[in-house]
Amino acid sequence: MGEMRLRLPLPVVVPLAAVAVIAILAFGFSRVLLTVPPEAATVVAIATAANILIGGAFVALRPRLHRVGVLEIALIALYPVLIGVVIANTSIGEEAEPAEAGAAAPSEAAAPASGDAVALVAEAIQFDADSISLPARQDAVVTLDNQDTAPHNFSLYPDEQAGASQSDALFEGEIVDPGQSVDYEFKAPAPGEYYFQCDVHPAMNGSASVE
């Protein structure tokens, strides 16, 4: 069988191949720079650019350079990229701040210390919160800011049934007139789930978590 040859126009193939190779190298190099720390990325980029320029100038000055020599120069020019890959894979330069921040998170979520005030705003015949947290068996402070046109108060009960009958109150706050604010100070009960409400308008209520 005869030999079939496919002739391709080099003026078209060579530029397209060069663009494809450049795009692949640029994309891979950008992945390396995005993976390493910012300081290392700057050094790797500058070193790689300098090596490529020096290698290109060396090849241009020696047009008859052997193919093996050209390959060696290319590897030398790209060795900063290899260093960047090593840095990216070994996680050199990463900071331990996220772990420290995570360790500090539990203390931020701790129950309020003694004397910390819980703020409640009464407006449009409702509280602005339907759940609060109090420190168990410690001095608690609940600030009621009455921004409504009707009087309100804050009372703490063992459960909803006690609140409905307004009996066995663990704490019963004084009535606060419209536009006034008051700090209720009382001893919080043992840990558990409790019920608070406005005795003037029992529909204003919520749950109190004591921890």
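Good morning. In strand E8, valine 210 is the bridge partner of leucine 134. I should say at once that this is a predicted model, in which local features need pLDDT of at least 70 and side-chain atom pairs count only at pLDDT 80 or more, while totals for chains, interfaces and linings use all residues. Residues are numbered from 1 along each chain as its sequence is written, and side-chain values use heavy atoms, with hydrogens and water left out.

Let me place that pair in the sheet. Strands are DSSP runs of E of at least two residues, and helices are runs of H or I of at least four, numbered from the N terminus. Two strands pair if DSSP finds at least two bridges between them. E2 and E8, residues 205-210, pair in the parallel sense over four bridges. They belong to an open sheet of five strands with mixed pairing, in the order E2-E8-E7-E4-E5. Because strands E2 (131-134) and E5 (171-172) each have a single partner strand, they stand at the edges, and one side of each is left without a neighbour in the sheet.

I turn next to aspartate 148, in the loop between strand E3 (139-146) and strand E4 (155-157). This aspartate is buried, yet has no salt bridge. Buried means under 20% relative accessible area, exposed over 50%, and partly exposed in between, with a 1.4 Å probe and protein chains only. A salt bridge requires a side-chain nitrogen of Lys or Arg within 4 Å of a carboxyl oxygen of Asp or Glu. For aspartate 148, the nearest side chain of opposite charge is lysine 187, 32 Å away.

Finally, leucine 16 lies in helix H1, residues 10-35. Its relative accessibility is 57%, so leucine 16 counts as exposed. Thank you.

Technical notes. Lys and Arg count as positive and Asp and Glu as negative; His and the chain ends are not counted.
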